[in-house]
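Notebook open, structure on screen. I want the overall picture before I go residue by residue.

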Amino acid sequence: MSQENTAVQQTVLLQVNQLQQIVATAPEILSQNIESKTKAIDAGNKIIELAKSGMNDVYDAQLATYITKAKKTIDAMNERRKPFTQIVDAVKKQFTTLEAELKPTIDEAQKLRDDCTTEKMKAKQEEERQSRVKLEKDKELIEIRGYCEVLAANYFSNCIDTTKNSIIKYFNELTLENIDAADKSLETASTKFESRYDLPVIDLPSDTIKPGVMYIDFEIKHASDEEVVEIINSVLNADFTGKKDHYSREIAATLKEYRDKLPSKKAELEAIAKAGEEEKARLEEAAKKRQQEEAERLAREKSEREAKAREEAAIAASAATAGAMVDASISATETPNVKEKYQIKLKNNAGYLLLVQFWFEKEGKAMPVDKFEKFTFDRIKRFCESYALKNEEFIESPLISYEPVYKAK
């Protein structure tokens, strides 16, 4: 044990011994003070009651004498109890001093924990920020891929539509002079995609518009041009065998359909050639109506193909987005066990005026005057810190900043 601790113990023991001696006399001292108090109150009440019936100079003098004697009584009571209260205060101070001397060590230990927790929270918040940025970027890349896949699907759909329209146009423009050769032409017409079209081309927006190129026409916020180009190339380098085969099946079915219609087409042309003006007009009008219905049917088919492409891309994007969100949640580290608060930092004293204004609007204006007057700048500052934590509402000013403080539990 150190000499300092030994000296403190000896002082405390001495004071405790003194306290034991004085405590032994405390009942007698307390009895004396009770008797002195009772006599003084009784004497004062008698004079006060007389004075209340009609105050005059005689009673004024008696009251003055009483006040002087009563004060002397209090002094005497104080002197009798002073040795007791002084030693009690001294012993109490020893206890509180010991507690106070331990507190800095506790505070230092807590500060080390709080600093460590603060670093963990900052690291977690940065990880969450990066995770959010990555998730937004991943979602955008998924959207870009879906957009490109829809563009490619629509390209093949347009190729089918263009070829079908060319077949129908050829069929509708047949005459009696060339219809006999049409069967051979439709039979030998190629159904292969490569015989008429190149593969789709997708690119980023640019100042130079290239013919036959489909451009991405929405704002790209997170992905780099290199990443977008990589996605475009991935989509365009996919195996389009399925889409080419679909094209071939659609065109083969259309060629067969219109080969089968050649006899009725020839009969219609012969009927028109033999008909009079009125019948001819009716037959031609009927032909136009069929052609219009055919055009509407092709438009519906094209719309259905493109809607299906969008739906398939949306389903794939939803699955990919869900996977990205799961990955983001899995990568998150555990949140430290903390108690959080805000600490307001002021650039200069003018910031206190903003604190007072905020406090007055939120609480002060409804406060009774007696409580209002007791508020200090420190209490107002603590109110604003607490209000920010509960409501996430902050004073927007370059004079004031809010810093999160984390206390380890």
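**Surface and ground rules**

I started with the surface: the chain exposes about 27700 Å², and carbon and sulfur atoms supply 55% of it. Accessible areas here come from the Shrake-Rupley method with a 1.4 Å probe, and for residues only the protein chains shown count as cover. I am looking at a predicted model, where local features need pLDDT of at least 70, side-chain atom pairs count only at pLDDT 80 or more, and totals for chains, interfaces and linings use all residues. Residues are numbered from 1 along each chain as its sequence is written, and side-chain values use heavy atoms, with hydrogens and water left out.

**Overall layout**

I looked up the secondary structure next and found ten helices and four strands. These are DSSP runs, numbered from the N terminus: helices are H or I with at least four residues, strands are E with at least two. Along the sequence the pattern reads α-α-α-β-β-α-α-α-α-β-α-α-α-β. The radius of gyration is 49 Å, well over the 22 Å that the globule rule gives for 409 residues, so the chain is more spread out than a compact globule. For my own reference, that radius is taken over C-alpha atoms, and the rule is 2.2 Å times the number of residues to the power 0.38. Along the principal axes, the C-alpha atoms fill a box of roughly 150 × 70 × 40 Å.

How much of the chain is buried? I get 27% of the 409 residues. The cut-offs on relative accessible area are under 20% for buried and over 50% for exposed, with partly exposed in between (1.4 Å probe, protein chains only).

I also checked contacts, meaning heavy atoms within 4.5 Å. Of those with a separation of 6 or more, 80% are between residues 24 or more positions apart.

Charges: I noted 65 positive and 74 negative ones, with mean positions 6 Å apart. Lys and Arg count as positive, Asp and Glu as negative, while His and the chain ends are not counted. Each charge is placed at NZ of Lys, CZ of Arg, CG of Asp or CD of Glu.

**Helix H1**

I picked two residues here. Asn33 sits in helix H1 (residues 3–52) and is buried, with a relative accessible area of 10%. Leaving out residues up to four places away in sequence, Asn33 touches Met77, Arg80 and Arg81. Asn33 and Ile67 are 34 residues apart in sequence and 17 Å apart in space, C-alpha to C-alpha.

Ala24 is also in H1, but counts as exposed at 63% relative accessibility. I paired Ala24 with Gly364: 340 residues apart in sequence, 53 Å in space, C-alpha to C-alpha.

**Helix H2**

Which residues does Asp114 touch? This residue lies in helix H2 (residues 57–172), and its partners are Tyr406, Lys407 and Ala408, not counting residues up to four places away in sequence. Asp114 is buried at 14% relative accessible area.

Glu140, in H2 as well, is buried with a relative accessible area of 7%. Its contacts, again without residues up to four places away in sequence, are Glu219, Ile220, Lys221, His222 and Ala223. Glu140 and His222 are 82 residues apart in sequence, yet 7.1 Å apart in space, C-alpha to C-alpha.

Ser157 is a further H2 residue and counts as buried at 3% relative accessibility. With the same sequence neighbours left out, up to four places away, I see Ser157 touching Lys302, Arg305 and Glu306.

**Helix H3**

The buried residues of H3 (residues 179–188) are Ile179, Ala182 and Leu186. They cover an arc of only 25° around the axis, which puts them on the same side of H3. The arc is that of the directions from the helix axis to the C-beta atoms. My reminder: an α-helix has 3.6 residues a turn, so residues three or four places apart point the same way. The buried residues of H3 pack against H2, helix H5 (241–260) and helix H6 (262–274). On the face turned away from the buried side I find the exposed residues Asp180, Lys184 and Thr188.

**An odd phi**

Where does Glu392 lie? I found it in the loop between helix H10 (377–391) and strand S4 (400–408). Its phi is near 55°, a positive value in a residue other than glycine. Most residues other than glycine have a negative phi. Glu392 is partly exposed, with a relative accessible area of 47%.
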